[in-house]
Amino acid sequence: MKIQDDDIRAIVAETLAEQHRIQQESIDAIVLKAVASVLASFGIEDDDRKELKADFQHLRRWRKSVEQAQSYTFKAVITVIATGLMGAVWLGVKVVLGK
């Protein structure tokens, strides 16, 4: 029985795809184990994932609120400085026109 070139290519392609899938599963398992090990070294167990996610969400909200407060503070400082300058100019104009 003679195997055609197309059949050989298909068999080789299937074999390579299967090897790639097995290798990818192995890599995924290694990465998952490494991440779990790092988190465990920080004292975070697998059961704490929901709490960890909530903690990160809280930190993100805190960071955004601090950034927003800084933005409002900067705007308030600029407004106070501009108002002070305008008041000084107005008083200067009143003094010049009053004499």
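**Exercise 1. Domain separation and interface**

Task: For this predicted model, determine how far apart the C-alpha centres of domain 1 and domain 2 lie, and describe the area buried between the two domains.

Solution.
1. A distance of 52 Å separates the C-alpha centres of domain 1 and domain 2.
2. The domain assignment places residues 1-46 in domain 1 and residues 47-98 in domain 2.
3. Contact between the domains involves 6 residues of domain 1 and 4 residues of domain 2, with heavy atoms within 4.5 Å as the criterion.
4. The size of an interface is often given as the accessible area lost when the parts come together.
5. Between domain 1 and domain 2 this buried area is about 450 Å², and carbon and sulfur atoms contribute 54% of it.
6. On the side of domain 1, the residues that lose the most area to domain 2 are I44, E45 and D46; together they account for 79% of what that side buries.

**Exercise 2. Chemical character of the interface**

Task: State how many salt bridges and how many residue pairs in polar contact the rules find across the interface of domain 1 and domain 2, and classify the residues on the side of domain 1.

Solution.
1. The salt-bridge rule finds 0 such pairs across the interface of domain 1 and domain 2.
2. For polar contacts, the rule finds 1 residue pair across this interface, with both residues at pLDDT 80 or more.
3. The side of domain 1 that touches domain 2 comprises 3 nonpolar, 1 polar and 2 charged residues.

**Exercise 3. Overall form of the chain**

Task: Establish which secondary-structure elements the chain has, and decide whether the chain is more spread out or less spread out than a compact globule.

Solution.
1. The chain contains 2 helices and 0 strands.
2. For 99 residues the globule rule gives 13 Å, whereas the radius of gyration of the chain is 34 Å, well over that value; the chain is therefore more spread out than a compact globule.
3. Along the principal axes, the C-alpha atoms fill a box of roughly 120 × 40 × 15 Å.

**Exercise 4. A salt bridge within a helix**

Task: Give the number of salt bridges in the structure, and explain how D6 and R9 are placed in helix α1.

Solution.
1. The structure holds 4 salt bridges.
2. One salt bridge joins the side chains of D6 and R9, at 4.0 Å from N to O.
3. Helix α1 spans residues 5-41; because D6 and R9 are 3 residues apart in this helix, about one helical turn separates them.

How values were computed:
Residues numbered from 1 in each chain as written. Predicted model: local features only at pLDDT ≥ 70, side-chain atom pairs only at ≥ 80, totals over all residues. Heavy atoms only, no water. Domains from an automatic or database assignment. Buried area = accessible area lost by both parts, 1.4 Å probe. Polar contact = N/O pair within 3.5 Å; in protein donor to acceptor, adjacent residues only side chain to side chain. Nonpolar A, V, L, I, M, F, W, Y, C, P; charged D, E, K, R; others polar. Helix = DSSP H or I, 4+ residues; strand = E, 2+ residues; numbered from the N terminus. Rg over C-alpha atoms; globule rule 2.2 N^0.38 Å.
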